[in-house]
Structures are given as structure tokens and as C-alpha cells.
Amino acid sequence: MGSLKIENVKKSFGPVDVLKGIDLDVKDGEFVVFVGPSGCGKSTLLRIIAGLEDATSGDVLIDGQRVTNAPPSKRGIAMVFQTYALYPHLTVRDNMSLGLKQAGTPTAEIDQRIAASSAMLSLEPYLKRRPAELSGGQRQRVAIGRALVREPKLFLFDEPLSNLDAALRVNTRLEIAQLHHRLKATMVYVTHDQVEAMTLADRIVVLNAGRIEQVGAPMELYNKPANLFVAGFIGSPKMNFIDGARLGETAKTVGVRPEHILVSDKAGAWKGTVIHAEHLGADTNVFLETEKAGLITIRLFGEYQTGPGATLYATPDAARTYRFDADGKAMG
Amino acid sequence: MSQQSLEHSQDRRPTRWHIAVFLAPALLVYTAVMILPLFGTLQLSLFRNVDNAQVFAGFDNFRTLFGDPRWSDSFWNALGNNTWFFIIHMLVQNPIGILLAALLSSPKLRFSAFYRTAIFIPTILSFVIVGFAWKLILSPLWGVAPNLLDLVGLKSLFVPWLGKEEYALTALSLISVWQFVGIPMMLIYAAMLSIPDEVIEAAECDGVTGFSQFWKIKLPLILPAIGIISILTFVGNFNAFDLIYSAQGALAGPNYATDILGTFLYRTFFGFQLQIGDPNMGATIASMMFFIILAGVCLYLFLIQRRLRRYQF
């Protein structure tokens, strides 16, 4: 009841091609996250799905119906904006009911839907307040509630957590994840934050410069990045890229994640000097200037006593080393 | 800073002279051009000229203004006309201003900068030009209005609007509306631009579009701007003088049909034709204008402004 199909969608603003042909299938009940650096076109794609922006060419199908030219309200979607976009002059209740009233929904049903969704989001105490009297997290919950009462086929989230502080972001992320489990609704979520993408998504769509780089489950992207871009984008700290020639490899670039490097102060493949160490408690990030591989980042679990000037030996986990050809594509 | 020096500085807080210094220029200028003349006028209204000497007369001038039918008839006529002048502005100028702003803020409109400028230009024209231009346009003898109406076969509708007692005031009010409609348009336009795009997009997703979007989302959000415009219109209209003077002369004809408080004050204060100027009675009328505007502004500030919510986006 809430599938989405995007067929060869292109979008240009004047001479600038923002989307260069996007094809995507989202199954009913799936949680799909668009992730990518700013300017990659992920928000534009979401706005085209919502109908807030017209595609230059291509088609959008929701539930098998072509909605390319339908206005947003006829697409069966509901959108949650980064800036909440609540109606500032209306109470929480009126914010949630405005769309339903406009559609001529009977009052009893409006009341019942508002009661259900405000209970789900614990918004009952605030129903009579105006947005100005709410905190950022509460406002975002109201925005989600406003989407919820419309019972859409498709939920669209445009960076909904970006305006919240770190602690609230984790809580709201959890709430959105729970919401998805409970409603089993199809959700499309845009973010530039790979942690949000990894934690929420059933499938992640990595976008870069108007193209889809890779689509896959979070662990698929982590374990089998299709190219250099995805390999560098997913994972934190970023994957180390080493010039293949330096290591005597045929591949153009060799990639190894910071957490897949073993460290010893006696012996190992790459000898190096510690430039800096970040002690995070649960992790220790060591920046090592090696003779053979250049500057690499190593992520060690737990505490590890080292500091600038210390000599360490690093050994990459051969089973988890990635090789990329001259075009940046993953090899074998 | 050490604990000791902190306490020390709290004991002897230095006199903040810079506040007075920075306020002084504005305060001096404002006093010289606004406060002194105002009190001078109020003072003048309490005196009478007896044998070329100013004699304190208490509220006698006000008693004359309201008690003597020769004065009170003119005063009530001018106040009534002024009120009609204001009503026309509120009913025509401001709704049209809002409508134009709504059209201008529509992203689908092309050449909106051109329209904006074109509509705003009359506002920067001199009232003399506006008055004379419209007098010429509407003149039954050499005006273009009868000919233009003739072109579309509606010549029978033509009336010498400025010359008929029953139409002259309304016609002049509409000319003033034409001249000043750019101001509410600009203010509302600015208020509409300050509504975030996302709020409008959220409304689009909610199916609140077109007219109901304007009515339910935009209008409530621009109400504070409409309040400001109403009070500006009120003050401007009750201080108006120039357009009537340039179009109809100080006698505000025909037969005082377009006489408003400003022209009434002018004739009384400076005299006109056979009427001899009377600064004391003029000041009395000016004081009444001040009180009327003061009352209107207070009413607005205490009754309406308080109920208007301002929204932070």
C-alpha cells in the first residue's frame, strides 16, 4: 500500500544538472534513507517525490500510480521538514487537524486520529499550546504528528534531526525507528549524517553529484562498498586510502578501514610515528605517519596508551582490505 | 578580575554619561521640531486675541468650536468627511494593497519587479502633480475620462465626479487610494516574504492551497503588518490636507463637500479669501486633530495591538 518507484528522474535548474537520471524502487513498508554530501541532490529528489518540485523529465509512481504531475496533497504523502514548518498561529491540535479539515474529514474521525497519534508521540499535554511555547524536540514531534494523522502511504523526512541538539537527536532517532516498527509504513528519509542513515535504514541510497552511487542495506555498504566514494562516505573515521603503487599492488587504490588495522609496538607491516591520538574512552583514534603507506588513521577499541612521537607498527587485516581500480570501482 | 576589585566596581558604578550624550542629538532635534511646536499649539489654543494682545481664555475657544453653530457645523462636516475619507482607505486601499502583495509574492508571476515599481511610483509623485493630473483626467471639458468612456461606449456613465457634492469626496478618496496603495502593498509584501517557504510547502502537502492557503495561513501571519498599516492610514488620513488643497483649493468645494480637518484648519489658521486668519481658533482645531489622532492611536495600541500575536519562525 505504499510502494514508490522512480523512473529516470532528471532535474536541472537552468544549466545546472542536479539529478542526472535516478532510478529507484522502494518496497512497501521499507525505510529508505538518502544520504550524501550537501549538494548531491538528495533533498531535490525528495522534493520531487513530494511534488514540491517538478522533475525535468522522468516519472514518479506511488503505489503503482503515476503521480508525476499530481499536486503534493493528491499523492498520499506527508512530509516532515528540517525546520519543522509548523503553522505558528495555530495550536498543536490545529496544526495536526488543518489538513484533515481541509479534506473534509468528519470531526469525530479527526479527534480520534489526533488522540491516537498524540498518544503515540506523547503530545497530549501540549495540544492546546502554540509552536512558540514548545521546545525544538517537541516541535519536531508535532511535525511528525501532523504527518501521522494524515495516514499517508509514504512518509517523507527531510533532515528532520538536523536542528536538534545531539542528545535530542538520539532520542528522536529512536522514536522515528520505533514509529516505523509500529506503523510498518513506507518511509523515505534524507540526511547527510551517515550515523542516522546506518541506524535507521533498511536500505541506504548513497547519492553523489546527482547520481546514485550504491543502494544497499547498511552492512552491505559497509562491507562491500561499490566504489571509492561509498567506501569513503560510509564509516567513521573515514576509510584510509593508500596509493596502490606504494604497496606494490596492481590496484590503483587500496582501502582499509581504521578499525581493521592491528597495532603493535614490536613488529608489523607498516612502521610509523604517532602524530596525534584522540582518546574517546570507548575508542582511541591514532594518526600514524607510516613510511610505507603515508598518514593513516587507526581506530582502536578501548583505551590505548600512546602519544605523539611514539613508534608503532600497523598491520592491515588482509581479509578486510578493499581494492579499487583507476575509475574508483571496487575490484573483485 | 579578583574578588576585591569586583566588589569595588559594584560599589561605585560609574555614571553612564555616554547614554545621555548619544541620546542628546536626537532628543534635541525631536524637541525642537515636534515637542515645542505641539505644546506651542496647545498653548495657543488656550488664548484669545483681544485688542492685539494674547489673553488667556481657558477653554473658551473649544466652547466656541463646539457651541457656536457657525464653527461646529464646519467642524462636524470636516470630521464626518475625514471619517469617510478614512473608511474609503480602509475598505479600498488596504484590501487592494493586500491583494497586490499576494499576487506579487506568487512565484509564478513574471515581471513582478516591474509591477511593484509601477504601482509604487504614484506614491513618490508630488501631491500637486497627482491633484492636477486627476483634475485634468476627470475634467468634463478637456479631460480624457469622458473620451475614454466614450471609446468603450460608456459615456453615459460619465459624471463630473469632482464637481458634484455627492461624489467629490469619494472621488478624491479614490485618487488618494490610487496614489498611496503602494505603501500597504510594500509592507504586506515584505511581511509575506518573511513567511518561510517550508510553512507554505507544508500547507501544500496538507492540501491547503490557493485561496484557503491565503485565508488560513498567510493572512493570520501578516495580521501584525495589517495592524501597522491601519494605524498608519488612520494617522495619515486625519492629517491629510495636500491632495484636497491641490485638487479643490482651500475652500474644499463644491460647497465644502471635500472639506477635511486639514483644510478646515488651514482656512481658519491662515485665512482664505474673505475669511480672516485666526491663529487661536486654528490652534484649537489643530489641538482637536491631535486629540482625535491620539485617541485613535491609543485605542489601537491598547485594544488591538495587544491581541495581535507576532510570530517567530
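How many residues of chain B are in contact with how many residues of chain A? In this predicted model, 20 residues of chain B are in contact with 19 residues of chain A, where contact requires C-beta atoms, placed from the backbone, to lie within 7 Å.

Residues are numbered from 1 along each chain as its sequence is written, while chains are lettered from A and ligands numbered from 1 in the order of writing. The model being predicted, local features need pLDDT of at least 70 and side-chain atom pairs count only at pLDDT 80 or more, whereas totals for chains, interfaces and linings use all residues.

**Confidence**

The predictor assigns the complex an ipTM of 0.85 and a pTM of 0.81. Per-residue confidence is given as pLDDT, which runs from 0 to 100. The mean pLDDT of chain A is 92, with 99% of its residues at 70 or more; chain B averages 89, and 96% of the residues score at least 70. Within chain A, confidence is lowest in helix α5 (residues 166-183), at a mean of 90, and highest in strand β3 (residues 31-35), at 95. Where pLDDT is low, the predicted coordinates should not be read in detail.

**The interface from the side of chain B**

Helices and strands here are DSSP runs numbered from the N terminus (helices: H or I, at least four residues; strands: E, at least two). On the side of chain B that touches chain A, the elements giving two or more residues are α10 (197-205) and α11 (210-238) of chain B. The largest share, 6 residues, comes from α10(B). By class, this side divides into 10 nonpolar, 4 polar and 6 charged residues. The nonpolar class is Ala, Val, Leu, Ile, Met, Phe, Trp, Tyr, Cys and Pro, the charged class is Asp, Glu, Lys and Arg, and the others, Gly among them, are polar.

**Chain A**

Chain A has 8 helices and 18 strands. Its C-alpha atoms fill a box of roughly 75 × 45 × 35 Å along the principal axes. Of the 332 residues in chain A, 40% are buried; a residue is buried if 20 or more other C-beta atoms lie within 10 Å of its own, exposed if 12 or fewer, and partly exposed in between, with C-beta atoms placed from the backbone. Among contacts in chain A with a separation of 6 or more, 63% are between residues 24 or more positions apart.

A:Gly2 lies in the segment before β1 (4-13) of chain A. A:Gly2 counts as buried because it has 21 C-beta neighbours inside 10 Å. Leaving out residues up to four places away in sequence, A:Gly2 touches A:Asp28, A:Gly29, A:Asp63, A:Lys153, A:Leu154, A:Ala185 and A:Thr186. The C-alpha atom of A:Gly2 is separated by 9.4 Å from that of A:Ile77, 75 residues apart along the chain.

Helix α2 (residues 92-102) of chain A has as its buried residues A:Val92, A:Asn95, A:Met96, A:Ser97, A:Leu98, A:Gly99 and A:Leu100. These pack against α3 (107-120) and α4 (136-149) of chain A, together with α11 of chain B. A:Gly104, with a positive phi near 80 degrees, follows α2(A).

Two residues of chain A other than glycine also have a positive phi.

| Residue | Phi | Loop in chain A | C-beta neighbours within 10 Å | Class |
|---|---|---|---|---|
| A:Tyr84 | near 70 degrees | between β6 (77-80) and α2 | 26 | buried |
| A:Glu159 | about 40 degrees | between β7 (154-158) and α5 | 19 | partly exposed |

A cis peptide bond joins A:Ser236 and A:Pro237, with omega about -5 degrees. A:Pro237 lies in the loop between α8 (228-233) and β11 (240-243) of chain A.

**A helix pair in chain B**

The axes of helix α4 (residues 69-104) and helix α8 (residues 165-180) of chain B come within 9 Å and cross at roughly 45 degrees. Axes are lines fitted to C-alpha atoms, for helices over the stretch in contact, with angles from 0 to 180 degrees between N-to-C directions. α4(B) and α8(B) are therefore oblique to each other, since angles under 35 degrees count as roughly parallel, over 145 as roughly antiparallel, 65 to 115 as roughly perpendicular and the rest as oblique. The contact is made by residues including B:Trp84, B:Phe85 and B:Ile88 of α4(B) and B:Leu169, B:Leu174 and B:Phe180 of α8(B). By class, the contact has 8 nonpolar, 6 polar and no charged residues.

Definitions and conventions
Contact = placed C-beta atoms within 7 Å. pLDDT = per-residue confidence, 0-100.
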